[in-house]
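Here is a short briefing on one protein model. Please look over the sequence and the 3D view before reading on.

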Amino acid sequence: MLSREESKALRKEFWISFGKSFPRKWVLYNTKIKDFSFKFDFTTKKALVTLDIEDSNLENRIKYYEKLESLKAVLKENYLPNIIYEDIYFLENGKEISRIYIEKDGVSIHNKNTWQETMVFLNDTMIKFEEFYYEFEDFIKA
């Protein structure tokens with residue numbers, strides 16, 4: 001079992017290594033839509049690439065989620081076949097959001113032997129998510 005400090009150091013090392021291995025500006029951290037963002041996460045159990053709709057205005061959150069849901073077949077068929085849609089998703093802090101995501105199980109940020117496959121997963125998934133978003137950005141923002 002790692003101490004909190006050791007875990008924090010490993011996380012920092014992973015993200016620095018990821019940035020060096022895949023030096024790319026991930027422009028979709030800022031979609032120009034309030035509370036609508038793409039994120040990476042890597043835990044001791046899995047890696048995730050998510051599109052989170054966190055708008056506290058439920059009507060706005062539903063509007064964006066429904067637009068993305070209408071594109072679900074396109075996203076699955078042409079970009080990310082294993083994508084998961086959840087209109088109600090609770091974060092660890094209890095906040096309710098809508099989330100569209102893809103995950104990779106069997107990897108751990110504490111296991112350096114899984115880092116390379118996780119980096120490839122994060123990179124490839126985000127590229128496909130970006131391609132999808134740019135293709136349908138006007139529709140989503142409208």
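The notes below cover salt bridges, the largest pocket and a few individual residues.

The model is predicted. The salt bridge count comes to 11. The largest pocket holds about 340 Å³ of space. R99 appears in both topics: R99 forms a salt bridge with D52, and R99 is among the residues that lie nearest the centre of the largest pocket.

**Salt bridge between R99 and D52**

- R99 pairs with D52 in a salt bridge, and the closest N and O atoms are 2.7 Å apart.
- R99 lies in strand β4, which covers residues 96-105, and D52 lies in strand β2, which covers residues 46-53.
- The two residues are 47 residues apart in sequence, so the pair ties together separate parts of the chain.
- R99 and D52 are both buried.
- A network of salt bridges links K39, D52, E54, K95 and R99.

**R61 and its surroundings**

- R61 belongs to helix α2.
- The side chains of R61 and E96 form a salt bridge, with 2.8 Å from N to O.
- This pair links distant parts of the chain, with R61 in helix α2 and E96 in strand β4, 35 residues apart.
- The R61 and E96 side chains also make a polar contact at 2.8 Å.
- R61 has a relative accessible area of 7%; the cut-off for buried is under 20%, so R61 counts as buried.
- E96 is at 32% relative accessibility, so E96 counts as partly exposed.
- Setting aside residues up to four places away in sequence, R61 touches I53, D55, D87, I88, E96, I97 and S98.

**I62, next in the same helix**

- I62 is found in helix α2, which covers residues 58-70.
- I62 has 39% relative accessibility and therefore counts as partly exposed.
- The C-alpha atoms of I62 and I88 are separated by 9.9 Å, and the two residues are 26 residues apart along the chain.

**K34 and D35**

- K34 forms a salt bridge with D35, in which the closest N and O atoms are 2.9 Å apart.
- K34 is at 59% relative accessibility; exposed means over 50%, so K34 counts as exposed.
- D35 is at 31% relative accessibility, so D35 counts as partly exposed.
- D35 lies in the loop between α1, residues 4-21, and β1.
- What is notable about the backbone of D35? D35 has a positive phi of about 60 degrees although it is not a glycine.
- Most residues other than glycine have a negative phi.

**The largest pocket**

- About 340 Å³ of space lies in the largest pocket.
- The lining of the largest pocket consists of 14 residues.
- D41, L48, Y89, E92 and R99 lie nearest the centre of the largest pocket.
- Three elements each give two or more residues to the lining: β1 (36-42), β2 and β3 (84-90).
- Strand β2 supplies the largest share of the lining, with 4 residues.
- The lining residues divide into 7 charged, 5 nonpolar and 2 polar.

**N57, in the loop before α2**

- N57 is found in the loop between β2 and α2.
- N57 has a relative accessible area of 35%, so N57 is partly exposed.
- A polar atom of the N57 side chain lies 3.0 Å from the backbone nitrogen of E59.
- The C-alpha atoms of N57 and V107 are separated by 35 Å, and the two residues are 50 residues apart along the chain.

**T125 in helix α4**

- T125 is found in helix α4, which covers residues 115-141.
- Is T125 buried or exposed? T125 has a relative accessible area of 5%, so T125 is buried.
- Leaving aside neighbours within four places in sequence, T125 is in contact with V49, L80 and I102.

**Points to keep in view**

- R61 is buried, whereas its salt bridge partner E96 is partly exposed.
- In the K34 and D35 pair, K34 is exposed and D35 is partly exposed.
- R99 and D52 are both buried, and both belong to the network that also includes K39, E54 and K95.

Technical notes: Residues numbered from 1 in each chain as written. Predicted model: local features only at pLDDT ≥ 70, side-chain atom pairs only at ≥ 80, totals over all residues. Heavy atoms only, no water. Buried < 20%, exposed > 50% of the residue type's maximum accessible area, 1.4 Å probe, protein only. Polar contact = N/O pair within 3.5 Å; in protein donor to acceptor, adjacent residues only side chain to side chain. Contact = heavy atoms within 4.5 Å. Salt bridge = Lys/Arg side-chain N within 4 Å of Asp/Glu carboxyl O. 1 Å grid on protein atoms, 1.4 Å probe; cavity = no way out; pocket = protein on both sides within 12 Å on 5 of 7 lines; lining within 4 Å. Points joined across faces, edges and corners; volume = space filled by probe spheres on them. Nonpolar A, V, L, I, M, F, W, Y, C, P; charged D, E, K, R; others polar.
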